[in-house]
Amino acid sequence: MFLTKEGLSGPLQLEAAASTEGESGEPEEPASSDPADHPTNLYRFPALYDALKTPSAQDVAVVRTLMHNALGAGPYSILDPAAGPGNWLRPFCDGSNQLVGNDYCEPMVRYVQATLGPCGCEARHGDMYDLRIEQTFDVVLEVSGVTSILPDVPSLTRILDHWADRLNPRGLLLLLVNLREEVPAVLPHTTWEQQGRPLPTGGTSGVRYELMEDRPEQGTQLIRRTVTTEGAPGFPSFLQETYALRVWTPQEVHQALAGSTHACLEAIAHPDDAEMQNPGWLGERYLVLRRK
Ligand SMILES: C[S@@+](CC[C@H](N)C(=O)[O-])C[C@H]1O[C@@H](n2cnc3c(N)ncnc32)[C@H](O)[C@@H]1O
């Protein structure tokens, strides 16, 4: 089990890497899976997270193309090991695909059960490092960047192995990684922003991600996420979190792959264009992986 000390909200603080082992060498008490036990964070509001982070039709089309290129036409059995509100499973929840969304955050699991259960998606509460799922899948995907909460290369290898092990022999593992790229001269720099997103229960919401600080020696970048809502009862009007995100070098990813017994890299892909040849090892990229 590995969860940051900030629980589910903030991605890793490097020292958290040691949190798998307490001073006494005894495994530390795992962080609570209830965000209410952690500083207020976006994961406490699955519907708000969902409204802000639902992938665009173009984003989904790229992933569909990568699946089709690898597996041919569906239907597919698909697992998202850190599914959040199921925003990457919803586009496939058409009754033909068999879907499983796993997450450690209880409100997220309940939300997936309520919103995607009716279209056949199974919601599981569990640890992405220790998935208690016997079934193997055509596709295991985590394309929002959970690899950025992993502390180090051995943890990336562990996730590659554990998730590739959930693939059937012809299966596809699709992972988003954030790779180092040139840092803007002026910080803070807004890296992504969405405003005026309608909420299902009324009102609107917005989110802004800012790169605050680059920490190449730690392999991380300090990110500030600012969420606002208007006319949205039950949601915070202002929620700001600052956390460190892992940014990988190509060498570290190759190191992790070299240490993996179950996963092998078939290609990397650009999240905006599935057919782009040699998109280069910088920025956000999909690792297109198969089972060894
Ligand atoms: C950035 S969100 C991604 C959600 C979703 N995959 C998406 O595409 O937006 C990260 C998710 O990982 C979950 N998570 C973090 N650590 C986890 C763990 N050890 N096991 C399972 N889920 C975990 C969090 O609860 C959160 O829902």
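I began at Arg208, whose bridge partner in strand 8 is Thr226. I took strands as DSSP runs of E with at least two residues, and helices as DSSP runs of H or I with at least four residues, both numbered from the N terminus. The model is a predicted one, in which local features need pLDDT of at least 70 and side-chain atom pairs count only at pLDDT 80 or more, while totals for chains, interfaces and linings use all residues. Residues are numbered from 1 along each chain as its sequence is written, and side-chain values use heavy atoms, with hydrogens and water left out.

**Four-stranded sheet**

I followed the pairing outward from Arg208. Strand 7 (residues 204–215) runs antiparallel to strand 8 (residues 220–230), and eleven bridges link the two. I counted two strands as paired if DSSP finds at least two bridges between them. Both belong to an open sheet of four strands, ordered 6-7-8-9 and paired antiparallel. Strand 6 (189–198) and strand 9 (238–246) each have a single partner strand, so one side of each is left without a neighbour in the sheet. From one strand to the next, the twist averages 15°. For this and other angles I used axes fitted as lines to C-alpha atoms, for helices over the stretch in contact, with angles from 0 to 180 degrees between N-to-C directions.

**Seven-stranded sheet**

Next I looked up the other sheet. Seven strands make up this open sheet, in the order 3-2-1-4-5-11-10 and with mixed pairing. At its edges I found strand 3 (122–125) and strand 10 (263–269), each pairing on one side only. Neighbouring strands here are turned by 20° against each other on average, direction ignored.

I then checked which helices pack on this sheet, taking contact as heavy atoms within 4.5 Å. Helix 2 (residues 57–71) touches strand 1, strand 4, strand 5 (167–179), strand 10 and strand 11 (283–291), and its direction makes about 145° with that of strand 5. Helix 3 (residues 106–116) packs against strand 2 (98–103) and strand 3, at about 165° to the direction of strand 3.

Within the sheet I also noted one parallel pair: strand 1 (residues 77–80) and strand 4 (residues 137–142), joined over two bridges. Leu79 stands opposite Val140 of strand 4.

**Ligand**

I listed residues with a heavy atom within 4 Å of the ligand. There are 23 around the ligand, and Ala82, Asp103, Asp127, Met128 and Glu142 come nearest. I sorted this shell into 14 nonpolar, five polar and four charged residues. For that I counted Ala, Val, Leu, Ile, Met, Phe, Trp, Tyr, Cys and Pro as nonpolar, Asp, Glu, Lys and Arg as charged, and the others, Gly among them, as polar.

I went through three side chains for N or O atoms facing the ligand. Asp127 has one 2.9 Å from a ligand nitrogen. Tyr49 has one 3.0 Å from a ligand oxygen. For Ser144 the distance to a ligand oxygen is 3.4 Å. On its own the ligand has 600 Å² of accessible area (Shrake-Rupley, 1.4 Å probe), and the protein covers 95% of that.

**Loops**

Last, I looked up backbone details. Gly74 and Pro75 are joined by a cis peptide bond with omega about 0°; Pro75 lies in the loop between helix 2 and strand 1. Another cis peptide bond joins Leu187 and Pro188, with omega about -5°, and Pro188 is in the loop between strand 5 and strand 6. Asn278 is not a glycine, yet has a positive phi of about 45°. I placed Asn278 in the loop between strand 10 and strand 11.

Note on methods
A polar contact is a pair of N or O atoms within 3.5 Å; within protein, one must be able to donate a hydrogen and the other to accept it, and residues adjacent in sequence count only if both atoms are side-chain atoms.
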